[in-house]
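Grab a pencil and work through a few exercises on the structure shown here. Try each task before you read its solution.

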Amino acid sequence: MSLDPSYLQYPKRRRGMDHDRYPFSMLHERPPLRWPGGKPLAISIVVAVEHFPLNQQGKPFKVPGGMTTAYPDLRHYSLRDYGNRVGIWRVLRALDAAGLPSSFAINAAVIDRYPTLARTLAARGDELIAHGLHMDALHHQGLGENTERDWIESARDALAAIGPEPRGWLSPAKQQSALTPDLLHEAGFAYMLDWVNDELPYRFSTRKGSITAIPLSTELEDRFVMLNNLHSEQSWVTQVSDAIDWLGSEASPSSPRLLMLLVHAWVVGQAHRIAAFETLLARIARAGACLLAPSAVAAAGAKS
Amino acid sequence: MKPALDYYEDAPYFQRPRIEWPGGKRLALWIAPNLEFYELDPPANPQRAAWPRPFPDIDGYGTRDYGNRVGAERLMRVLDGYPTRVSVSLSTALCIHHPEIIEMGLNRDWEYFSHGIYNTRYAYGMDEAQEREMIAESMALIAEHTGQHCDGYLAPALTHTESSLDLFAELGGLYTCDLFHDDQPTPIRTRSGARFVSVPYSLEMNDTIVYVVNKIEPRRYGEMLKAHFDRLYQEGADSGTVMCIPLHPYQVSHPHRIAAFRDALDYICGHDGVWHATAREIARHYLDRYWHGA
């Protein structure tokens, strides 16, 4: 038994990355970046509002949080839809009580199915982020360029129909095809939240120009900590708190830091979890950080 | 396939010749950051997929890239506050991709040992000549880019063949990190009869196993490190023990995890009986004094 000789050849072994999307750069060497308001630590809250289709195709894989049982999976369908009927309203009330801004990443299907919710979110004036068509519309190589472009433009236009044209994008399951960044740039998006390789915004090359990548702190997401790792609500609050403390200790005017926190209406909006979210919001309010929308994060990054 | 490994002899833990560490220390502590490079689009291996998602798996790739862009330097700054000695398990292609990280480690007098070429190139399916070539090239990369002789080996992504340890010993290696059978160094029998030893690494204390496989809370990881240390330190009063803390900058350096690690390190380094050593120093001390008698 042996492997093909190409397995011991390394054509992309070269200085920097093994692709051409961005140069390698370490966080501590970045050029100075200044958040609006001048505080060294910025926090950005993104709430995902999602629709998980009952007739899940699972291409190219079953989305985390998606349907699990034989068709029709009433339990997971309705449990996720709870986020759009109950959870999101609790989240909005908690945000308003804390006096904190948030942005909302919305599947186009939610706008279609929940017009009152869509109008309410648009009327708040918070930033709305295109989050694809729905959670079973994963971007992958098998789609082909034309279909993927159509999906991206449809998701953009669904948001543009209820408010300003969106500047930001979050792929369902953060899954991209090799062309997604190019198509996002060509569809007018200024930033994407899919790449999780950093803690600050950075320029990401596409075939016709560049887009800003803003990494989310995936391993602090409500879904990751409480549903994937099965840690308690209290532990989630502790972990985010510890992250705020650490980033705050590192942040300085010449080397600012950023916490991008993604939560899901169907996760933190549950009755037994919303108190933890409220506790966390109070902690964030005390952090001495500036609360930024992702487009402000992207704009600050573009100036650095 | 063999029913069992035959690298080492039966040697009941409390009935061995006493190991004494330099200066009468009880416990040899070594810190083992895995500095790795994962390829976005590696060639397929017949026995293991590199990524769970289809190309491009930007989730898996980005998670690892974070370790090099953010995690490595954050970990260095924490370690700079302690007398610990560091031995790096190195994806040796990192010497070419990110020489600035290698340089930062050299400035701290870190040891480098081989963790293969890439953590997305597995030994599974290689014939012996291929695996020898891969290991030898990784050792050559370390020599060329760090000036160090590569004395240790941890197989890339822990992918082994029946020949892996034999090959590394024949190529001039001194120690393996691929065996998890003991808390003390163990003489390892390889086919060449070379002087060769297992230096305890650890899966139980490995941050990736802790966080990804066992899904442990960050602060509990800190408590586990302290408990592991306490027992080995206690036992080390009778015969020297080894504690390794294997780390990955893409795991331990997240801002919600790094403080728990620092607190454990703070506790451990508060004990006088700790020999802060590299894996190479532990291996040589053992080989020079105890290998023949064990």
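The exercises below go through helices, their packing and a chain contact in this predicted model.

**Exercise 1.** Find out which side of helix α9 of chain A faces inward, and what lies over that side.

*Solution.* Start with the helix itself: α9(A) covers residues 274-285, twelve in total. From first C-alpha to last, α9(A) reaches 16 Å, close to the 16 Å expected at 1.5 Å a residue. Next, pick out the buried residues, which are A:A276, A:F277, A:L280 and A:L281. They sit on the same side of α9(A), because their arc around the axis is only 140°. Last, look at what covers them: the list includes α1 (74-98), α7 (233-250), β8 (257-264) and α8 (265-268) of chain A.

**Exercise 2.** Work out how α7(A) and α9(A) are oriented where they pack.

*Solution.* First take the angle, about 15°, and the distance between the axes, 9 Å. Angles under 35 degrees count as roughly parallel, so α7(A) is roughly parallel to α9(A). Then check the handedness: the two helices cross in a right-handed way. Finally, see who meets whom. On the α9(A) side you'll find A:A276, A:T279, A:L280 and A:R283. Facing them from α7(A) are residues including A:W236, A:V240 and A:I244.

**Exercise 3.** Sort out the two faces of helix α7 of chain B.

*Solution.* Begin with the length: α7(B) has 18 residues (218-235), which should span 26 Å, and its end C-alpha atoms are indeed 26 Å apart. Now for the buried residues: B:P218, B:Y221, B:G222, B:L225, B:F229 and B:L232. They share one side of α7(B), because they cover an arc of only 105° around the axis. Flip to the face turned away from that side, and you meet the exposed residues B:A227, B:R231 and B:Q234. As for the cover over the buried residues, it includes α7 of chain A, along with β1 (27-35), α6 (207-213), β8 (241-247) and α8 of chain B.

**Exercise 4.** Which element of chain B gives the most to the side that touches chain A?

*Solution.* Count the contact first: 37 residues of chain B meet 44 residues of chain A. The elements of chain B giving two or more residues to its side are α1 (58-79), α2 (94-97), α4 (128-146) and α8 (258-268). Of these, α1(B) gives the most, with nine residues.

**Exercise 5.** Is B:Y267 buried, exposed or partly exposed?

*Solution.* Locate B:Y267 in helix α8 of chain B. Its count is 15 other C-beta atoms within 10 Å, so B:Y267 is partly exposed.

Note on methods: Residues are numbered from 1 along each chain as its sequence is written. Chains are lettered from A and ligands numbered from 1 in the order in which they are written. This is a predicted model: local features need pLDDT of at least 70, side-chain atom pairs count only at pLDDT 80 or more; totals for chains, interfaces and linings use all residues. Helices (H or I, at least four residues) and strands (E, at least two) are DSSP runs, numbered from the N terminus. The expected span of a helix is 1.5 Å times one less than its number of residues. A residue is buried if 20 or more other C-beta atoms lie within 10 Å of its own, exposed if 12 or fewer, and partly exposed in between; C-beta atoms are placed from the backbone. The arc is that of the directions from the helix axis to the C-beta atoms. Two residues are in contact if their C-beta atoms, placed from the backbone, lie within 7 Å. Axes are lines fitted to C-alpha atoms, for helices over the stretch in contact, and angles run from 0 to 180 degrees between N-to-C directions. Angles under 35 degrees count as roughly parallel, over 145 as roughly antiparallel, 65 to 115 as roughly perpendicular and the rest as oblique. A crossing is left-handed if the near helix is turned anticlockwise from the far one by less than a right angle, and right-handed if clockwise.
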